[in-house]
Amino acid sequence: MSAAGPQAAGRTVAEYRIEDLAHASGATVRTIRAYQDRGLLPTPERRGRANVYRDAHLARLRQIADLLDRGYTLASIKELLEAWDTGRGLGGVLGLVAEVHGPWTDERADRITRADLDVRFGGHPDDEAIAEAVELGVLERIPGRDDEFLVPSPQELAVAVELYAAGVPLSAISGHLRELRGQVEQIASRFLEFTTEHVFARYLGHRPPTDADAAEAASMVRRLRPLAQQTVDAELARAMRTFATRHLEHHLSAAGPFTSGSVTPPPVPVTLPVGTITAVERLVGRENAAAFIAAATEREVQTRTLDSLAPLAVNATIVDQKG
């Protein structure tokens with residue numbers, strides 16, 4: 001880089017040869033030339049047999065690198081940069097990108113040693129289980145540290161530890177996570193389709209969106225981001241209560257399992273509020289709860305049967321009297 005360049009507003013403007021620009025930006029000379037050919041970089045000043053680059057070229061290279069890290073293709077990056085160059089702005093678009101790529105949870109990543117992992121999962125080293133955890137993203141390897149891992153979600157790892165301590169095999173935990181992840185991804189995809197159709201479509205009508213629309217969409221992402229998790233949490237709690245109650249009723253039932261040779265059909269499950277079951281257990285004890293509920297049910301059925309037969313008996317008496 002030259003020590004002194006042309007003067008601009010009382011300060012020295014930095015100038016770079018292509019090798020200096022590559023060193024300052026982290027890109028290779030070949031990459032810089034490829035960007036020039038694609039029209040991603042402004043045309044450099046030609047001075048003699050050499051090209052001269054300035055801070056604007058360095059800033060552009062850093063923007064391209066940032067957008068590539070965020071998953072954008074070179075074609076889409078070119079669209080964004082062309083919009084910026086024509087005065088439509090890029091600040092709002094980058095703000096929207098940062099908002100979407102930002103954390104979607106308050107949970108912070110943590111680290112764990114291999115020795116600590118072994119202790120938490122029974123004290124027996126299991127390389128196959130470690131490899132599967134890395135494949136699933138539960139653990140991430142740290143370059144140069146074979147004895148330590150990054151834990152993107154300590155909460156998810158803690159769940160696996162509790163399930164293992166409760167007697168669930170690691171293979172079953174991994175299989176459950178794979179199945180659950182597929183189902184959750186469908187929920188996330190549907191939520192994004194839903195919000196895009198009804199909310200974000202009006203902001204993303206232009207490609208790329210205007211600076212103002214992108215900034216408004218980023219603000220909307222901040223507002224709506226927690227809603228997906230809140231909705232799933234509420235619905236999961238409702239479903240868990242419903243199915244846990246059914247399972248409890250099934251296991252408290254005195255009847256044996258129904259088979260095809262049974263004389264009577266299986267009992268139809270009836271959902272009882274958790275509060276009712278708890279109250280019965282407090283009244284007669286957990287070991288007597290099933291018998292108490294069965295007796296109360298039988299008494300209620302007999303009462304309703306007698307009530308339904310009573311009008312028939314009255315009618316039969318009237319007919320006899322008329323006869």
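## The chain as a whole

The protein chain holds 12 helices and seven strands, and the model described here is a predicted one. Of its 323 residues, 24% count as buried, and the accessible surface of the chain comes to about 22,300 Å². Carbon and sulfur atoms account for 57% of that surface.

Contacts across the sequence can also be described for the chain in general. Among contacts with a separation of 6 or more, 54% are accounted for by residues that stand 24 or more positions apart.

## Helix α1 and its two partners

Two packed helices are described by the angle between their axes and by the distance between those axes. Helix α1, which covers residues 18-25, packs with helix α2, residues 29-38, at an angle of about 105°, and the two axes are 9 Å apart. Because angles of 65 to 115 degrees count as roughly perpendicular, α1 is described as roughly perpendicular to α2. On the α1 side the residues that meet α2 are Ile18, Glu19, Leu21, Ala22 and Ser25, while α2 brings Val29, Ile32 and Arg33 to the contact. Sorted by class, the residues of this contact are five nonpolar, one polar and two charged.

Helix α1 also packs with helix α3, residues 55-69, here at an angle of about 45° and with the axes 10 Å apart. The two helices are therefore oblique to each other, and α1 passes α3 in a right-handed crossing. Leu21, Ala24 and Ser25 of α1 make this contact together with His57, Leu58, Leu61 and Arg62 of α3. By class, the contact has four nonpolar residues, two polar ones and one charged one. Leu21 and Ser25 are thus listed for α1 in its contact with α2 and are listed again in its contact with α3.

## Histidine 57 in helix α3

What surrounds histidine 57, once its neighbours within four places in sequence are left aside? This residue, found in helix α3, is in contact with Leu21, Leu41, Pro42, Thr43 and Pro44. Among these, Leu21 belongs to α1 and is part of the contact between α1 and α3. Histidine 57 has a relative accessible area of 6% and is buried, since buried means under 20% relative accessible area.

## Helices α9 and α10, with threonine 195

Further along the chain, helix α9, residues 170-198, packs with helix α10, residues 211-252, at an angle of about 135° and with the axes 11 Å apart. The pair α9 and α10 is therefore oblique, and α9 passes α10 in a right-handed crossing. Ile187, Phe191 and Thr195 of α9 meet Leu224, Leu227, Ala228 and Val232 of α10. The class count for this contact is six nonpolar residues, one polar residue and no charged residues.

Threonine 195, which lies in helix α9, takes part in that contact. Is threonine 195 buried or exposed? With a relative accessible area of 5%, threonine 195 is buried. When its neighbours within four places in sequence are left aside, threonine 195 is in contact with Phe200 and Leu224, and Leu224 is one of the α10 residues named in the contact of the two helices.

## Valine 134 and alanine 289

Valine 134 has its place in helix α7, which covers residues 127-136. Its relative accessible area is 25%, so valine 134 is partly exposed. Not counting residues up to four places away in sequence, valine 134 touches Leu139, Arg141 and Phe149. Along the chain, valine 134 and phenylalanine 149 are 15 residues apart, and their C-alpha atoms are separated by 9.1 Å.

Alanine 289 is placed in helix α12, residues 286-322. Its relative accessibility is 0%, and alanine 289 therefore counts as buried. The C-alpha atom of alanine 289 is separated by 9.5 Å from that of alanine 279, a residue that is 10 residues apart from it along the chain.

Technical notes. Residues are numbered from 1 along each chain as its sequence is written. This is a predicted model: local features need pLDDT of at least 70, side-chain atom pairs count only at pLDDT 80 or more; totals for chains, interfaces and linings use all residues. Side-chain values use heavy atoms; hydrogens and water are left out. Axes are lines fitted to C-alpha atoms, for helices over the stretch in contact, and angles run from 0 to 180 degrees between N-to-C directions. Helices (H or I, at least four residues) and strands (E, at least two) are DSSP runs, numbered from the N terminus. Angles under 35 degrees count as roughly parallel, over 145 as roughly antiparallel, 65 to 115 as roughly perpendicular and the rest as oblique. A crossing is left-handed if the near helix is turned anticlockwise from the far one by less than a right angle, and right-handed if clockwise. Contact means heavy atoms within 4.5 Å. Ala, Val, Leu, Ile, Met, Phe, Trp, Tyr, Cys and Pro count as nonpolar, Asp, Glu, Lys and Arg as charged, and the others, Gly among them, as polar. Buried means under 20% relative accessible area, exposed over 50%, partly exposed in between (1.4 Å probe, protein chains only). Accessible areas come from the Shrake-Rupley method with a 1.4 Å probe; for residues, only the protein chains shown count as cover.
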